[in-house]
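Grab a viewer and work through these exercises at your own pace. Each one has a task, followed by a solution in steps.

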Amino acid sequence: MSVVAAHSASSTEAESGITPGGRSGRFRDVLSSDHARRGKPPVHLTDLNDDERKQRAEALGMKPFRARQLANHYFGHYDVDAAGFSDFPLAQRDEAVQEFFPTLITAVDRQEADQGTTVKTLWELFDGSHIESVLMRYPQRITLCISSQVGCGMGCPFCATGQLGLTRNMSTGEILEQVRVAAKMARDGELAGGPGRLSNVVFMGMGEPMGNYRAVMHAVRQISAAPPEGFGISARNITISTVGVVPGIRKLTQESLPVRLAVSLHAPTDALRDELVPMNRRFNTTQVLDAAHDYYLASKRRVSIEYALMRGINDQAEHATQLARRLNHYGDDWVHVNPIPLNPIEGSRWTASKPEDERAFLDILHRAGIAATLRDTRGSDIDGACGQLAAKHR
Ligand code: SF4
């Protein structure tokens, strides 16, 4: 059996990208017309575990320890250029790069905003599909927002990515390449403000991370492990967001990793959420909040509640009051609410709240004792809403 075959055999059941709960009932994943018809991306060093890397090196006639050297170049120096592998035999460098670091993502568009402190990149993958990531500098941190699926199957009507439907899951290598390139950009001063260190990674780009659970967790472990096993970004600085896929939240709770969980709630009641977030018809607000609160109890990490404020739909005083009541039901200080003005998509009936409504919404949460911060809409002038750039390139 070839090493590649061994790798696929060692993986658990093939993941289609369809979320747990997305096959039946009143919710089904929205699949794009070319869903899963694209084959698999080339195998990358980061798709393999330690043993598989060594086997692959041996199959290529290299000493097994070379695999660790390659991992060190990748995670420690963000380097996949054979020219820099001075500790590697000259004759084997090119082959090592081809076999362990195939090109998985290629930048096809890059847009800057906020005086160069926000950089959004559109990537083309091996099969011609597109995903996005956004690198953002804040006073105290540098955050990268990454994609975990091509498109998204959750079908939220206000979201550009949701309109694309799900094409396929991304591989661990494709997910991690977004991180490597961003870490290198930050280090090399390609983000306004000078050289810095990528400190935070949020899975809030395209896709539902819980729909690609295995690859996402493999990526999370490698983002957080110290070099040469990973990039050394603390798990506490990694956020996994979900639209409320309860089996995924429960699984994550079992992992005992100190990552932050973010739940995209967007509505305080089932009647309204059924309309805004179709997944709610499968796992309702009570099930989602129960699971989120259990995550808080197990991890001792406050859960983020993401709430896109949409004018006249979910941004009125009654919604803020209902939300506060729902969250306070579980006790104090277990959540942090991030209302964010919707980044509207062209021609959509869903649009951003009025600033006075945003302020009133926030005030009501604060008066009810709930921690809440209005999130800024970084890059709103650069097709900032997730999926807009990719939708344009379709
Ligand atoms: S809002 Fe999130 S979960 Fe809903 S369609 Fe968009 S990317 Fe998917």
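**Exercise 1. Find what covers the buried residues of helix 4 (residues 90-100), and list those residues.**

Solution. Start with the cover: helix 2 (50-59) and helix 3 (66-77) are among the elements lying over the buried residues of helix 4. Next, pick out the residues underneath. They are Ala96, Val97, Glu99 and Phe100. Keep in mind throughout that you're looking at a predicted model.

**Exercise 2. Work out how the protein chain is divided into domains, and describe the contact between them.**

Solution. Step one is the split: domain 1 takes in 3-14 + 39-100, and domain 2 runs over 105-392. Step two is the spacing. Taken over C-alpha atoms, the centres of domain 1 and domain 2 sit 31 Å apart. Step three is the contact itself, to which domain 1 gives 14 residues and domain 2 gives 19 residues. Finally, sort the domain 1 side of that contact by type: you get 6 nonpolar, 6 polar and 2 charged residues.

**Exercise 3. Which residues of the largest nonpolar core touch the most other members, and which helix gives the largest share?**

Solution. The core holds 104 residues, and the ones touching the most other members are Val179, Ala182, Leu261, Ala292 and Leu365. For the share, look at helix 6 (residues 172-187), which leads with 8 residues. Now check the core against the domains: at least three of its residues come from each of domain 1 and domain 2. As background, nonpolar side chains tend to be buried together in soluble globular proteins.

Now zoom in on Val179. If you skip neighbours within four places in sequence, Val179 is in contact with Leu144, Ile146, Val201, Ile223 and Phe231.

**Exercise 4. Is Ala292 buried or exposed, and what does Ala292 touch?**

Solution. First place the residue: Ala292 is part of helix 10. Then count. There are 25 C-beta neighbours inside 10 Å, and the buried class starts at 20, so Ala292 is buried. Then list the partners: leaving out residues up to four places away in sequence, Ala292 touches Ile249, Leu261, Val263 and Val303. For Leu261, you can add a distance: Ala292 and Leu261 are 31 residues apart in sequence, with 7.8 Å between their C-alpha atoms.

**Exercise 5. Classify the packing of helix 8 (residues 246-255) against helix 10 (residues 285-299).**

Solution. Begin with the geometry: the two helices pack at an angle of about 10°, and their axes are 9 Å apart. Angles under 35 degrees count as roughly parallel, so helix 8 is roughly parallel to helix 10. Next, who meets whom? On the helix 8 side you'll find Val246, Ile249, Arg250, Leu252 and Thr253, while helix 10 brings Gln287, Val288, Ala291, Ala292, Asp294, Tyr295 and Ala298. Sorting the residues of this contact by type gives 8 nonpolar, 2 polar and 2 charged.

**Exercise 6. Say whether Asn169 is buried or exposed, and name its contacts.**

Solution. Asn169 is located in strand 6 (residues 166-169). Its count is 25 C-beta neighbours inside 10 Å, so Asn169 goes in the buried class. Beyond its neighbours within four places in sequence, Asn169 is in contact with Glu15, Gly17, Gln149, Asn212 and Ala215. Now try a distance: Asn169 and Ala192 are 23 residues apart along the chain, and their C-alpha atoms are separated by 32 Å.

**Exercise 7. Look at the backbone around Gln115, Ser256 and Pro228, and say where each residue sits.**

Solution. Take Gln115 to start. Gln115 isn't a glycine, yet its phi is positive, at about 55°. You'll find Gln115 in the loop between strand 1 (105-113) and strand 2 (118-125). With 9 other C-beta atoms within 10 Å, Gln115 is exposed. Gln115 and Gly193 are 78 residues apart in sequence, but C-alpha to C-alpha they are 9.5 Å apart.

On to Ser256, a non-glycine that has a positive phi of about 55°. Ser256 belongs to the loop between helix 8 and strand 9 (260-264). The count here is 8 other C-beta atoms within 10 Å, so Ser256 is exposed.

Last comes the peptide bond from Pro227 to Pro228: omega is near 5°, and the bond is cis. Pro228 sits in the loop between helix 7 (213-224) and strand 8 (238-242).

Technical notes: Residues numbered from 1 in each chain as written. Predicted model: local features only at pLDDT ≥ 70, side-chain atom pairs only at ≥ 80, totals over all residues. Core = buried A, V, L, I, M, F, W, Y, C linked by C-beta atoms within 7 Å. Buried ≥ 20, exposed ≤ 12 C-beta atoms within 10 Å, placed from the backbone. Helix = DSSP H or I, 4+ residues; strand = E, 2+ residues; numbered from the N terminus. Domains from an automatic or database assignment. Contact = placed C-beta atoms within 7 Å. Nonpolar A, V, L, I, M, F, W, Y, C, P; charged D, E, K, R; others polar. Axes fitted to C-alpha atoms, helices over the stretch in contact; angles between N-to-C directions. Parallel < 35°, antiparallel > 145°, perpendicular 65-115°, else oblique.
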